[in-house]
Structures are given as structure tokens and as C-alpha cells.
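Work through the exercises below with the coordinates open in a viewer. Each task is followed by a solution in steps.

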Amino acid sequence: MTEPDPIPDPTIQSRRRVLGKLGGLAAALTIPTALARQNSNLGSSGRIPAQSVKRNPVTQYPKPPFPKQTQPWPGLASKMVPRPDHGETSYQGTGRLVGRKALITGGDSGIGRAVAIAYAREGADVAINYLPAEESDAREVIALIRAAGRKAVAIPGDLRSEAFCQELVARAVRELGGLDILVSNAARQHQVPSIEDLTTELFDWTMKTNLYAMFWITKAAMPHFQPGASIIVTASEQAYDPSPNLLDYAQTKAAQVAFTKLLSKQVIHKGIRVNAVAPGPIWTPLQPSGGQDPNKLPQFGANTPIMRPGQPAELAAAYVTLASQESSYATGQVYGVNGGNAQP
Ligand code: NAD
Ligand code: MG
């Protein structure tokens with residue numbers, strides 16, 4: 001195959017300084033320079049975009065069994081073994097979101113972090129929201145966005161408060177100078193095997209985080225969107241193939257799909273698109289911090305056709321594609337990234 005000429009990236013040096021501090025699994029994915037040099041179609045930088053290199057997806061990333069591990073909620077990416085790959089050393093942008101301004105909830109870790117890195121390297125300024133307990137993860141993301149030469153805005157706070165959700169949007173708009181992309185990604189997942197043990201407090205916590213916050217933030221953001229804006233919701237395959245221990249969570253994911261399909265019809269006349277991504281099992285802190293039965297975590301992702309969980313980095317392309325103008329005819333869609341489990 002022919003690799004495209006990579007766009008020269010003036011931020012590579014500062015990015016390398018940040019990456020040097022991060023290390024981890026992702027480092028294994030750096031493209032060998034010898035391979036890069038062999039290719040006569042490369043530009044002067046001699047770098048093949050990582051996403052252009054052909055690999056076997058089955059063996060590309062760690063597979064079960066994983067070490068047994070738990071973390072207090074909300075969990076940190078930095079404490080996971082192995083460390084998730086959010087694209088820190090691999091994602092190379094091609095200018096698909098130049099000048100866009102994005103707000104990503106749960107942007108400190110997991111899928112949200114992978115999206116933040118990709119958006120910044122595609123040319124967007126990025127604001128991230130997270131919980132104060134996740135400050136150390138968030139600091140890493142802020143450094144990576146800045147290393148990509150883009151503006152980074154850190155807005156910690158608890159999304160279960162309507163007043164905070166409104167303040168979050170107001171601050172993002174003020175500090176970014178507008179808003180073009182909203183990624184509603186933060187979520188609470190707490191496994192409870194029996195309905196009899198699912199308390200009203202836990203049920204309410206999940207509903208507030210996954211549904212009310214999405215509603216409050218989207219509503220507050222709506223007056224700021226111009227034609228060409230894009231809303232992307234992180235739903236889940238739990239929306240249509242729910243696990244028995246996620247009664248409250250799976251309902252919110254199904255509701256998010258309905259929200260996406262409905263809102264897309266309501267706002268397309270304003271030139272605003274609304275889509276969702278439905279991931280399968282992804283290696284993120286949400287799982288060892290209460291989202292998953294700790295005894296089952298070592299086999300996480302084993303029962304997918306690909307026989308392993310996804311890494312956050314494997315989700316980024318879907319969010320870039322849906323946000324970019326290339327997807328101008330896609331609205332009300334659900335993009336599955338799940339290692340082979342069929343969608344409904
Ligand atoms: P993650 O733990 O890295 O991200 C979830 C984030 O939600 C946290 O980082 C936290 O900042 C945020 N959050 C939770 N409660 C909050 C609150 N009250 N206020 C503010 N922020 C809060 O895990 P992830 O897996 O990357 O999760 C991102 C999205 O992906 C979620 O919507 C989740 O439902 C979805 N998802 C995950 C999987 C998976 O297997 N990991 C599968 C399908 C869908
Ligand atoms: Mg987090």
C-alpha cells in the first residue's frame with residue numbers, strides 16, 4: 001500500500017518531551033524509522049502515520065488474561081496495568097479539524113483522552129471536564145494538547161449538578177472563543193448483580209451522570225453552535241446487548257441512543273449533526289473502579305470475536321470522522337467499535 005505524505009508537524013519535538021514522561025504500552029507502537037526510510041513515498045520528515053501501517057488487529061494489543069486489579073472510583077489511567085493506549089505516541093493528525101473548538105466530558109482518561117489527543121492533533125482547541133480526583137490524569141492530557149500546539153482548557157467539576165453543567169459550557173465557550181464540537185462522554189458505570197441491591201441512590205447517581213448531565217450540557221451548548229457543529233455521544237453496546245449486572249447503566253446507554261436519534265432530527269435544520277459511538281469492552285479506568293466484577297476483569301474482552309478488549313486509541317478515528325466535515329451527510333447514526341459483536 002502507498003502511505004500518504006505526512007504533514008510536517010512542528011510540534012513533534014515538544015510532543016516527544018511530553019511522551020518521554022508518559023512511557024507505557026503505547027511506546028511499543030512507535031513506527032520503526034527503518035521502515036519509514038524504506039518507503040519512497042514519504043516526505044522529508046520520513047514518518048509514516050501510525051494509522052497507515054498495516055497490522056493484525058487481533059495481536060495488535062494486549063489480550064486476556066490481565067492482572068487482577070481494583071481502584072477506588074473514579075480510577076486513574078496511570079494506575080492501570082497494562083497502561084491503556086490513548087494514542088499518545090501513535091496518533092498523527094492530517095488537519096481534519098483545523099480551527100474547531102471542542103468540549104469533551106471525561107476527557108482525562110479512557111476514550112475521552114484518546115479523543116482529546118486526536119482532536120488536538122487534527123487542529124482543534126480542546127476543553128476537557130473531569131472530576132477533581134482525576135487531576136493527575138487530566139494534567140497529562142492538557143500537556144499533550146499543548147504539545148500539539150493547540151489551546152487546552154481544564155474545567156474540573158461534578159456533572160451531577162445542573163449549575164455546574166451550565167458553568168462548564170459557559171467557561172468552555174468563553175475560554176475557547178466558541179464551540180463547534182461537543183463530546184458527551186463522561187459516565188458512571190457501577191456493576192450491581194441484583195436489582196434488589198441496586199439502591200435508589202446508586203440508580204440516581206447513574207441517571208444524573210449519564211443522562212441529566214448530557215441533557216443539561218447539550219441544552220446549554222445549543223445557542224452557541226453554528227452550522228457545521230457536531231455533537232457526539234458515547235453510548236455503548238450495552239444499549240442493545242445489556243449485561244445482567246448493569247441494569248441502571250444499560251438503560252442510560254439505550255436512552256442515549258434514543259437521544260441521539262431524536263435530537264439529530266430536531267436540530268439538523270440548524271446545520272448541527274448529532275451522532276453516537278457505541279463501544280464494546282474498552283480498557284479504561286471505569287472498569288477496575290467498580291464498573292466490572294473484579295473477578296471477571298482478568299478475562300475482560302475475551303468473549304468478543306477479536307478475543308481482546310479495545311484500547312481507547314482504537315476509538316479516536318470514529319470521533320474524528322463524525323466531527324469532521326467529511327461526515328456532512330451522517331446524522332442520527334450510531335457508529336459501533338466493538339471487536340466484532342454485531343449491532344442490532
Ligand atoms: P473513563 O473512566 O476513562 O472515563 C469516564 C469519565 O467519566 C471519567 O474519566 C470521569 O472524568 C467522568 N465522570 C464520571 N462521573 C463524573 C461526574 N459525576 N462528573 C464529572 N465527570 C464524571 O472510562 P471510559 O470507558 O473511557 O468511559 C467513557 C465513556 O465510554 C462512557 O460514556 C462509558 O459509558 C463509555 N463506554 C465505555 C466502555 C468500556 O468498556 N470502557 C464501553 C462502552 C461505552
Ligand atoms: Mg478518568
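The exercises go from the whole chain to the ligand site, then to single elements and backbone details.

**Exercise 1. Overall description**

Task: State how many helices and strands the protein has, and what share of its residues count as buried.

Solution. The model is a predicted one. Step one is to count the elements: the protein holds nine helices and seven strands. Step two is to look at burial, and 57% of the 344 residues count as buried. Step three concerns the surface: about 14800 Å² is exposed, and carbon and sulfur atoms supply 55% of that area. Step four takes contacts between residues at least 6 apart in sequence; of these, 79% join residues at least 24 apart.

**Exercise 2. The site of ligand 1**

Task: Identify which residues come nearest to ligand 1, and find side chains with an N or O atom at a short listed distance from it.

Solution. Begin with the shell, which has 32 residues; Ser109, Glu134, Asn185, Tyr249 and Thr284 come nearest to the ligand. Sorted by type, the shell contains 15 nonpolar, twelve polar and five charged residues. Next, assign shell residues to elements: H3, strand E2 (125-130) and helix H7 (247-267) each supply at least two of them.

Then list the polar atom pairs:

- The side chain of Asp108 places an N or O atom 2.8 Å from an oxygen atom of ligand 1.
- For Asp158, a side-chain N or O atom is 2.9 Å from a nitrogen atom of the ligand.
- For Gln287, the distance from a side-chain N or O atom to a ligand oxygen atom is 2.7 Å.

Last, compute the cover: ligand 1 taken alone exposes 800 Å², of which the protein buries 98%.

**Exercise 3. Helix H9**

Task: Decide whether helix H9 (residues 316-323) is mostly covered or mostly open, and name the elements its buried residues pack against.

Solution. A residue is buried when its relative accessible area is under 20%. By that cut-off six of the eight residues of H9 are buried, and the helix is mostly covered. The buried residues are Ala316, Ala318, Tyr319, Val320, Leu322 and Ala323. Their packing partners are one helix, H3 (110-121), and the strands E4 (181-184), E5 (230-234), E6 (273-279) and E7 (334-337). H3 also contributes residues to the shell around ligand 1.

**Exercise 4. Strands E2 and E3**

Task: Determine in which sense E2 and E3 pair, parallel or antiparallel, and why E3 is described as largely enclosed.

Solution. The two strands pair in the parallel sense, over five bridges. One of the bridge pairs joins Ala127 to Val153 in E3. Now check burial: strand E3 (residues 152-156) has four of its five residues buried, so the rest of the structure largely encloses it.

**Exercise 5. Backbone geometry**

Task: Locate two cis peptide bonds that lead into proline, and a residue other than glycine with positive phi.

Solution. Take omega first. The bond from Pro64 to Pro65 is cis, with omega near 5°. The bond between Val81 and Pro82 is cis as well, with omega about -5°. Then place them: Pro65 is in the loop between helix H2 (33-38) and strand E1 (101-105), and Pro82 is in the loop between H2 and E1 too.

Take phi next. Met307 has phi near 70°. This residue sits in the loop between helix H8 (287-291) and H9. Its relative accessible area is 46%, so Met307 is partly exposed.

Notes
Residues are numbered from 1 along each chain as its sequence is written. Chains are lettered from A and ligands numbered from 1 in the order in which they are written. This is a predicted model: local features need pLDDT of at least 70, side-chain atom pairs count only at pLDDT 80 or more; totals for chains, interfaces and linings use all residues. Side-chain values use heavy atoms; hydrogens and water are left out. Buried means under 20% relative accessible area, exposed over 50%, partly exposed in between (1.4 Å probe, protein chains only). Contact means heavy atoms within 4.5 Å. A residue is near a molecule or strand if one of its heavy atoms lies within 4 Å of it. A polar contact is a pair of N or O atoms within 3.5 Å; within protein, one must be able to donate a hydrogen and the other to accept it, and residues adjacent in sequence count only if both atoms are side-chain atoms. Accessible areas come from the Shrake-Rupley method with a 1.4 Å probe; for residues, only the protein chains shown count as cover. Ala, Val, Leu, Ile, Met, Phe, Trp, Tyr, Cys and Pro count as nonpolar, Asp, Glu, Lys and Arg as charged, and the others, Gly among them, as polar. Two strands pair if DSSP finds at least two bridges between them.
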